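Here is a friendly walk through one structure, looking at its charged pairs, its cysteines and its helices. Have the coordinates open as you read.

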Amino acid sequence: MTTIVNKKAKFDYEIVEKLEAGIVLEGSEVKSVRAGHVNMGDSFCFVEGGELFLKNCRISAYDKATILPPDELRSRKLLLHKREIERLIGKSREKSLTVVPLAMYFKGRRVKVEIALARGKRSYDKKQTIKDRDIGRDMQRQIADATRTR
């Protein structure tokens with residue numbers, strides 16, 4: 001199963017709430033997603049006209065597609081119920097949260113995007129995240145060394 005993860009989002013933001021949304025893609029884009037040719041590093045979500053869109057998500061052109069592949073960085077519509085979009089808008093305005101994409105994956109035959117309401121981290125929060133990650137790696141190495149020496 002192909003899962004594309006936005007690692008930068010989990011580093012830059014504190015995740016408050018997660019949601020699953022569908023995404024509108026063209027045929028060759030689905031094949032590119034299945035092949036894993038997606039970069040979500042700088043992507044973000046925005047609301048326009050009561051609809052939610054994904055911006056700056058690069059889905060590379062499928063090499064065996066037709067002559068005119070779609071634009072790699074075009075805005076793609078995310079599929080949510082109207083109530084869910086209104087709730088996202090309300091929470092983002094009320095608590096100064098933002099909507100960021102976390103992952104893209106297949107659920108059956110359909111491509112889904114995991115989006116989250118997130119709060120931006122401060123620089124000291126990011127340093128703590130790096131510190132915790134390094135401590136975890138050191139512990140894993142020590143456990144691995146201890147099991148090898150037995």
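Let's start with Glu 29, which counts as buried at 2% relative accessibility; buried means under 20% relative accessible area, exposed over 50%, and partly exposed in between, with a 1.4 Å probe and protein chains only. Bear in mind that this is a predicted model, in which local features need pLDDT of at least 70 and side-chain atom pairs count only at pLDDT 80 or more, while totals for chains, interfaces and linings use all residues. Residues are numbered from 1 along each chain as its sequence is written, and side-chain values use heavy atoms, with hydrogens and water left out.

**Salt bridges**

What does Glu 29 pair with? Its partner in a salt bridge is Arg 76, with the closest N and O atoms 2.9 Å apart. The two come from distant parts of the chain: Glu 29 sits in helix H2 (residues 27–35) and Arg 76 in strand S7 (residues 76–79), 47 residues apart. Helices (H or I, at least four residues) and strands (E, at least two) are DSSP runs, numbered from the N terminus. Arg 76 is buried too, at 1% relative accessibility.

The structure holds twelve salt bridges, each defined as a side-chain nitrogen of Lys or Arg within 4 Å of a carboxyl oxygen of Asp or Glu. Three of the pairs are set out here.

| Pair | N to O distance | Separation along the chain |
|---|---|---|
| Glu 29 and Arg 76 | 2.9 Å | 47 residues |
| Asp 42 and Lys 8 | 3.0 Å | 34 residues |
| Lys 77 and Glu 51 | 3.0 Å | 26 residues |

Asp 42 and Lys 8 meet in a salt bridge, joining the loop between strand S3 (38–39) and strand S4 (44–48) to helix H1 (residues 7–12). Asp 42 is exposed, at 52% relative accessible area, and Lys 8 is partly exposed at 42%. Lys 77 bridges to Glu 51, linking S7 with strand S5 (residues 51–55). Both ends are partly exposed: Lys 77 has a relative accessible area of 29% and Glu 51 one of 30%. Elsewhere, Glu 17, Arg 87 and Lys 91 are linked in a network of salt bridges.

**Cysteines**

Why are there zero disulfides? The sulfur of Cys 45 lies 9.3 Å from the closest cysteine sulfur, in Cys 57, which is too far for a bond; a disulfide needs a pair of cysteine sulfur atoms within 2.5 Å. Cys 45 is buried at 9% relative accessibility, and Cys 57 is buried at 0%.

**Helix H2**

Back in H2, Glu 29 is joined by Ser 28, Ser 32 and Val 33 as buried residues. These fall within an arc of 145° down the helix axis, so they line one face; the arc is that of the directions from the axis to the C-beta atoms. They pack against several strands, including S7, strand S8 (98–107) and strand S9 (110–120), where contact means heavy atoms within 4.5 Å. Just after H2, Gly 36 has a positive phi of about 85°.

**Helix H3**

In helix H3, Ile 85, Leu 88, Ile 89 and Ser 92 are buried. An arc of only 95° around the axis puts them on the same side of H3, while Arg 83 and Glu 94 are exposed on the other side. Among the elements covering the buried residues of H3 are strand S2 (13–23), S4 and S5. Just after H3, Ser 96 takes a positive phi of about 50°.
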